[in-house]
Amino acid sequence: MKIAIIGANGRLGAALAREYARDYEVTSYDRRQLDLGRLDRVQSVLCKAKFELLINCAALTNVDYCEWHREEAFVVNAEAPRLIAEIANENSAKLVHFSTDYVFDGKRTDPYVEEDKAVPLSVYGESKLEGEGRVLEVSSQHLIVRLSWVFGPDKPSFIDQIIQRARENDVITAVADKFSAPTFTIDVADWLRLAVEKNANGILHLANNGGCSWQEWAQYAIDVCRSRGLPFKAERVGAVSLGDMKNFVAQRPVHTVLSTAKFTALTGVQPRHWREAVAEYISAHVSKK
């Protein structure tokens, strides 16, 4: 199978490009090669490509930046995905387009299922939801995959920042009243392969099992690192509230754990717990640094 991946310089795109190159013919595009903010460039580059599966991992993901750059956010996160979906159709190919838990308002305490009404709180969430709709308007056979709290070895994320802070500081803190599910990019690669094999379409939630706060995630990561003998100044992660984050511009949803029951029903596979995934990530990619 020939696969084209957009956003290969990002945390998820780089992981998918590396994992899939072992078994498939993969063409990857980073932002320098394919900038979704330039729709003419998207058209000219992709019209020359040969692929059966097109995966779009690129997006404008800086939540606060989007608040002040609404037009740019909608070009990159909504207009470009529609164009990419049309190009996929022209190639008789399937598109996998990645979206986010930020399409929800976070007012539920139960995990969100794919059919729950999406009510975004931010420009970022609005633009991503619009992108979902535009892709599926082009073809209901395309696949929208919503993710949350993505981490992996190809680009630093929250977990890497916490570990670095714990190495350098005696006191560190993390938000204790915002909840979702960490999602390991290496696991996403395996799950997506299964979903595509089952010809999944529409909207699909993917995340590691279980939910947690940023503080719980951070504390577990520190505990695992310390159990591996890594030196740290900080032992405990203090709690702060979302309201304490005065540097945040955009409103964040409080509780966006995603249900993966649909994926499990489709594939027979239940995603492993986020703690197991975090422990593997630390053993394989942090302990060796």
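**A colleague's note on the aromatic pairs, helix 7 and R272**

1. Welcome to this structure, which holds 13 aromatic pairs. Here rings of Phe, Tyr and Trp (its six-membered ring) pair if their centres lie within 6.5 Å, and planes under 30 degrees apart count as stacked, over 60 as edge-to-face and the rest as tilted. One of these is W149 with W214: the ring centres are 5.5 Å apart and the planes lie at 20°, so this pair is stacked. It links distant parts of the chain, 65 residues apart, with W149 in the loop between strand 5 (143–147) and strand 6 (150–151) and W214 in helix 8 (residues 214–227). Helices (H or I, at least four residues) and strands (E, at least two) are DSSP runs, numbered from the N terminus.

2. Before you read on, please note that this is a predicted model, in which local features need pLDDT of at least 70 and side-chain atom pairs count only at pLDDT 80 or more, while totals for chains, interfaces and linings use all residues. Residues are numbered from 1 along each chain as its sequence is written, and side-chain values use heavy atoms, with hydrogens and water left out.

3. Is W149 buried or exposed? With 10% relative accessibility, W149 counts as buried (under 20% relative accessible area; exposed is over 50%, partly exposed in between, with a 1.4 Å probe and protein chains only). W214 is buried too, at 12%. W149 also stacks with W217, the centres being 5.7 Å apart and the planes at 10°. W217 is in helix 8, so this pair ties together parts that are 68 residues apart in sequence. Ring pairs join W149, F151, F158, F184, W214, W217 and Y281 into a cluster.

4. Now to helix 7 (residues 185–197). Its 13 residues should span 18 Å, and the end C-alpha atoms are indeed 18 Å apart (the expected span is 1.5 Å times one less than the number of residues). Among its buried residues are D187, W191 and L192. After helix 7 comes N199, whose phi is positive, near 60°.

5. Where is R272? You will find R272 in the loop between helix 9 (261–267) and helix 10 (274–286), and at 18% relative accessibility R272 counts as buried. R272 and D187 are 85 residues apart in sequence, yet 8.7 Å apart in space, C-alpha to C-alpha. Their side chains are joined by a polar contact of 2.9 Å (a pair of N or O atoms within 3.5 Å; within protein, one must be able to donate a hydrogen and the other to accept it, and residues adjacent in sequence count only if both atoms are side-chain atoms).
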